[in-house]
Structures are given as structure tokens and as C-alpha cells.
Amino acid sequence: MKLRTIKYFFKESFTSLVRNRWMSLASIGAVASALIILGSFLLLSVNFDHVLKDVESQVEITAYLEDSLGQERISQLKKDFAAISGIKEVEFISKEMALEEFKEQVGEDLLEGIENPLPNSFRIKVNDPHEVALVAEKIEKFSGVDEVKYGKGIVEKLFNIIYWVRIIGLAIMVVFAAVSIFIISNTIRLTVFARRREINIMKYIGATDWFVRWPFLIEGMVLGLIGSSLAVAILGIAYKYLYVTVKLNIPMISLLPIEQFYNYAFGFLGIGMFIGAFGSSFSIKRFLNV
């Protein structure tokens, strides 16, 4: 493709944007509105998944040891546990440490004068939380282990809830993406319809389909880029406010860091350009066929 032809395409695209500025503004507004809705649900879904991963990472196994075990056997058990496939971290919790943690939870007054009833234990974390039951079975077979707990039953229900929440979130995202494309395509189709006479004249004098299509594709990409930039700016301001508010008032909830939001923002700009180009291409097709 010649440089002169490329310049012509861009010139025609920007001339059209200025000449049909009201339709262009309508297209930009449709892109921005659709992507703000889509982006809101995307951020909601991503943050919910981020919280779920945080919950998953807190699933751990507690292996309580027999009181008769000596220090040498305890050290050996720690090495044996660390060698099990799938285990990420093994931490020894002495009965004294366990008592101190318990005092912090219930208060020292309730335990005053009571002999320490808690056993030595290991707190174990796994690489994949879904393998916690399998790892717990292996640990339970070691000599010197009195009891193994990991929230059996509750953990399985938690993972089941997490699975369905992710499936439903993905389904909602797909629906809103389809709605966004439909809205934007129909808005851009109005722009193309307003210029149908111009398209017919170009075809009449012998212009190829791609020669006619390129200015519209570029125009659609520019409209998509401007609309998505506007959506990203609005979502960025809103998300920053939400992030700061949640961090100050509900610190136990871990939202997606603002820095990671910008990674999604760049992808959103690309989505806007793609939707704009797709909408233009889809809308002009019927006129080229005629």
C-alpha cells in the first residue's frame, strides 16, 4: 500500500469525524457508556476473584503432635513434611506459642491459673489449596501425629461456592460484552447510513471494497479509542476513590491494587479500538454488497 494512499485514508477518516461531529459524538458516547458498564462488571469480577484467591491462600492444615514426642523426632517430622509434594511452607508451633495466640484471641483473664492444655503442632500451607485434603491424608499417616485438621467439609463447600461464583461472573461478563458490541455496532451503523450516498458514488467510480472500507475502519478505531479512553478515565477515578475508601474503612478486604488496574486499562483501550473497527466493518458490509 502506497504512503500517499495511507495518508488519504487518514485524511478522509478525520475529515469525516469533523464533518459528522454529532454522529461521532454519539458513537463516542455509546462506546464510553457501554465500556463503563462492561468495565464496572469486569472490575467487580476481577476484585471478587482477587478476594477469593486471598481466601483460598489462607486454607491451611494443622497437624497436632503427640505429647511424648522429643525435639529430635519433631525436627525429623518437619523435614518429612517439607519433602511432601505440594507443600509450600511448614511452621512449627510449640504449645507455648499456641497458648499465647489463644490468649490474644480470648483474653488472658479466662486462662489465668489453668495449665497449658494445647499440644505442639505444625501449621502447613500447600501450593494448591484444592489439594489440601490429599496432603492432609499423607500427613495423618506419619508416626507421632495425633490429629490433622483442615476444616474438612467446610473447605469443600468453600471451593464449590468459589467455582460457581467464577462461572457466573464469567457468564455476566460475556453477556455485557455482547451487549456492548451490539450497542456500538448499531450506533456506528447510523454514521455509515448517513454517508451511504458517498459510499455509492465511490463504488460507482470504481473504488474497491477495501478502498472504501479503510477510512471507515480507521474512523471506527479512532472513535473506539476516544470512547474507551473516556471510559478508562472515569473508571480510574471511581476505582481509586473506592480503593481508598475500602482500605480506610474495611481494611480486612483486599482489593486489586491500583497499579494492576492500569494493566487492565491498556487492554481496555485495545478492546475499544477493536470494537470500533468491528462495528464499522460490520456496518459497512451491507452497503458494499449493494
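**Notebook: contacts, salt bridges and a cavity**

I began with the contacts, and I noted that residues 24 or more positions apart account for 82% of those in the protein with a separation of 6 or more. The model I am reading is a predicted one, and I keep that in mind for every entry below.

**Overall layout**

I looked up the secondary structure next and found nine helices and four strands in the protein. Reading along the sequence, I wrote the order down as α-α-β-α-β-α-β-α-β-α-α-α-α. For burial, I recorded that 36% of the 290 residues are buried. The accessible surface comes to about 17800 Å², and carbon and sulfur atoms hold 63% of that area.

**Threonine 62 and serine 121**

I then turned to the strands, starting with threonine 62, which I located in strand E1, residues 61–65. Is threonine 62 buried or exposed? Its relative accessibility is 18%, and because the limit for buried is under 20%, threonine 62 counts as buried. Leaving out residues up to four places away in sequence, I listed its contacts as Ser121, Phe122, Glu147, Val148 and Lys149.

Serine 121 from that list deserved its own entry, and I placed it in strand E3. Serine 121 is buried as well, with a relative accessible area of 6%. With its neighbours within four places in sequence set aside, serine 121 is in contact with Thr62, Ala63, Tyr64 and Leu65, and also with Glu91, Phe92 and Ile93.

**Salt bridges**

How many salt bridges does a search of the whole structure find? I noted two. In one of them, the side chains of arginine 123 and glutamate 60 meet with an N to O distance of 3.7 Å. This pair links distant parts of the chain, 63 residues apart, since arginine 123 sits in strand E3 (residues 121–126) whereas glutamate 60 lies in the loop between helix H2 (21–57) and E1. I checked the exposure of both partners: arginine 123 is partly exposed at a relative accessible area of 23%, and glutamate 60 is partly exposed at 26%.

I also found lysine 149 in a salt bridge with glutamate 147, where the closest N and O atoms are 3.9 Å apart. Lysine 149 counts as partly exposed at 44% relative accessibility, and glutamate 147 counts as partly exposed at 36%. Going back to the entry on threonine 62, I saw that Glu147 and Lys149 are both among the residues that threonine 62 touches.

**Two phenylalanines in helices**

I looked up phenylalanine 159 and found it in helix H6, residues 154–194. Phenylalanine 159 is buried, its relative accessible area being 11%. Not counting residues up to four places away in sequence, phenylalanine 159 touches Glu56, Val59, Pro129 and His130. For one of these partners, glutamate 56, I also recorded the C-alpha to C-alpha distance, which is 8.0 Å for a sequence separation of 103 residues.

Where is phenylalanine 278? I placed phenylalanine 278 in helix H9, residues 258–289. Why does phenylalanine 278 count as partly exposed? Its relative accessible area is 39%, and because partly exposed covers the values between the 20% limit for buried and the 50% limit for exposed, phenylalanine 278 belongs to that class. The C-alpha atom of phenylalanine 278 is separated by 8.5 Å from that of isoleucine 181, although the two residues are 97 residues apart along the chain.

**The largest cavity**

Finally I searched for cavities of 30 Å³ or more and counted three. The largest cavity has a volume of about 70 Å³, and I spent the rest of the session on its lining. Which residues line the largest cavity? I wrote down Gly39, Leu42 and Leu43, then Val232 and Leu235, and then Phe261, Tyr264, Ala265 and Phe268. H2, helix H8 (209–249) and H9 each supply at least two residues of this lining, and the largest share, four residues, comes from H9. Sorted by character, the lining of the largest cavity has eight nonpolar residues, one polar residue and no charged residue. Because Gly counts as polar, I take Gly39 to be the one polar residue of the lining.

Definitions and conventions. Residues numbered from 1 in each chain as written. Predicted model: local features only at pLDDT ≥ 70, side-chain atom pairs only at ≥ 80, totals over all residues. Heavy atoms only, no water. Buried < 20%, exposed > 50% of the residue type's maximum accessible area, 1.4 Å probe, protein only. Contact = heavy atoms within 4.5 Å. Salt bridge = Lys/Arg side-chain N within 4 Å of Asp/Glu carboxyl O. 1 Å grid on protein atoms, 1.4 Å probe; cavity = no way out; pocket = protein on both sides within 12 Å on 5 of 7 lines; lining within 4 Å. Points joined across faces, edges and corners; volume = space filled by probe spheres on them. Areas by Shrake-Rupley, 256 points an atom, 1.4 Å probe, with all protein chains shown as cover.
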